[in-house]
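Here's a quick tour for anyone meeting this structure for the first time. Have a look at it, then read on.

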Amino acid sequence: MKIIGMIPARGGSTRFYNKPTKMIFDKPMLWWVWKHSKEVECFEEVYVATDSEEIKEMAEGFGAKVVMTSKDNETATERLYEFSQKIDADLYVMVNGDEPCIKKEAIVQCIPENIDTKGFYVSNLMTDFSDPVEVVDSTNLKIVTNKDGICLFISRSPIPFPKGAMNYTYHKFVGVGAFTKSALQYYHDTPRGPIEKIEENDSFRFIENRKDIYYINAHCKTISVDTPKDIAKVEEYLRKSGEV
């Protein structure tokens, strides 16, 4: 099975402009994601997919292979679909460009042992919340699955609501996912539904149409960078983990 890693790296974000270029210690954030992705042995190659010439130049400067994609892509999955039309693979693993702490041991957990590579398959990672304050933070996506690990709902709201019991471990979205080409084509061909528009979460492209997304609990530490203040948290974690 040919597995390709892809890191989406959009340029002009309004919330955190040119986020992939922001420095974590003496390296851009994108370098950390690329470094950890390159350590995954089953990846035939790892690419950065971007719409920015500045990011392209930076990524090629530290050795990454780059594929230019359209500025019209509104989501990372749209960028991955466009990438899949240019680079052939049986399975595409997308590692979000704002996940500098994610390690290879977590990344590989979204990769199935045996699948029909011509069929539909989508998986994502999640992890347990360690801080109750994070559960009510709307920047963190909460995941609810059934007993088989198939996603039921995703929200920025704290779900499920603890009315009947308090002994529940909330699950946090981790920005790593695996897609077959068939699943990406389905995503591209299917219009946005009402819940996707409300939540602004494109996983509902599948959920609203009864297409299964498997969520695997990687039990990993992750700090996605959404705002400049998150950089300090990432640096503290990397220092404690011995990477610097």
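Is Glu-200 buried or exposed? Glu-200 counts as exposed, at 67% relative accessibility. For the cut-offs, buried means under 20% relative accessible area, exposed means over 50%, and partly exposed is in between, using a 1.4 Å probe and protein chains only.

## Before we start

This is a predicted model, where local features need pLDDT of at least 70 and side-chain atom pairs count only at pLDDT 80 or more, while totals for chains, interfaces and linings use all residues. Residues are numbered from 1 along each chain as its sequence is written, and side-chain values use heavy atoms, with hydrogens and water left out.

Helices and strands carry labels such as α9 or β10. They are DSSP runs (H or I with at least four residues for helices, E with at least two for strands), numbered from the N terminus.

## Backbone oddities

Back to Glu-200, which sits in the loop between α7 (194–199) and α8 (204–207). Its phi is near 55°, a positive value in a residue other than glycine. Arg-210 also has a positive phi, near 60°, and is found in the loop between α8 and β11 (214–217). Arg-210 is exposed, with a relative accessible area of 78%.

There's a cis peptide bond to spot as well: it runs from Ile-159 to Pro-160, with omega near -5°. Look for Pro-160 in the loop between β9 (151–155) and β10. As background, most residues other than glycine have a negative phi, and most peptide bonds are trans.

## Salt bridges

Side chains of opposite charge can pair when their charged atoms come close. Here a salt bridge is a side-chain nitrogen of Lys or Arg within 4 Å of a carboxyl oxygen of Asp or Glu, and by this rule the count comes to 18. One of them joins Glu-39 to Lys-35, with the closest N and O atoms 3.1 Å apart. Glu-39 is partly exposed at 33%, and Lys-35 is partly exposed at 24%.

Another joins Lys-103 and Glu-243, whose closest N and O atoms are 3.2 Å apart. This pair links distant parts of the chain, 140 residues apart: Lys-103 is in the loop between β6 (91–95) and α4 (104–107), and Glu-243 is in the segment after α9. Lys-103 counts as partly exposed at 23%, and so does Glu-243 at 24%. Lys-35, Glu-39, Lys-103 and Glu-243 are linked in a network of salt bridges.

Then there's Lys-172 with Glu-134, where the closest N and O atoms are 3.6 Å apart. Again distant parts of the chain are linked, with Lys-172 in strand β10 (residues 171–179) and Glu-134 in helix α5, 38 residues apart. Lys-172 counts as buried, at 7% relative accessibility, whereas Glu-134 is partly exposed at 24%.

## A pocket to explore

Glu-134 turns up again in the second largest pocket: of the 17 residues that line this pocket, the closest to its centre are Glu-134, Asp-137, Asn-140, Asp-230 and Lys-233. The volume is about 320 Å³. On a 1 Å grid over the protein atoms alone, a pocket is an open set of points where a 1.4 Å probe fits, with protein on both sides within 12 Å along at least five of seven lines, and lining residues have an atom within 4 Å of a point. Grid points are joined across faces, edges and corners, and the volume is the space filled by probe spheres set on the points.

What is the lining made of, by class? It has two nonpolar, six polar and nine charged residues. (Ala, Val, Leu, Ile, Met, Phe, Trp, Tyr, Cys and Pro count as nonpolar, Asp, Glu, Lys and Arg as charged, and the others, Gly among them, as polar.) α5 (132–135) and α9 (229–240) each supply at least two lining residues, and the largest share, three residues, comes from α9.

## The two sides of α9

In α9, Asp-230, Ile-231, Val-234, Glu-235, Tyr-237 and Leu-238 are buried. Seen down the helix axis, the buried residues of α9 fall within an arc of 165° (taken from the directions from the axis to the C-beta atoms), so they line one face of the helix. On the other side of α9, Lys-229 and Lys-240 are exposed.

## Cysteines

How many disulfides does a search of the whole structure find? Zero, where a disulfide is a pair of cysteine sulfur atoms within 2.5 Å. The sulfur of Cys-110 is 8.6 Å from the closest cysteine sulfur, in Cys-42, which is too far for a bond. Cys-110 counts as buried, at 0% relative accessibility.
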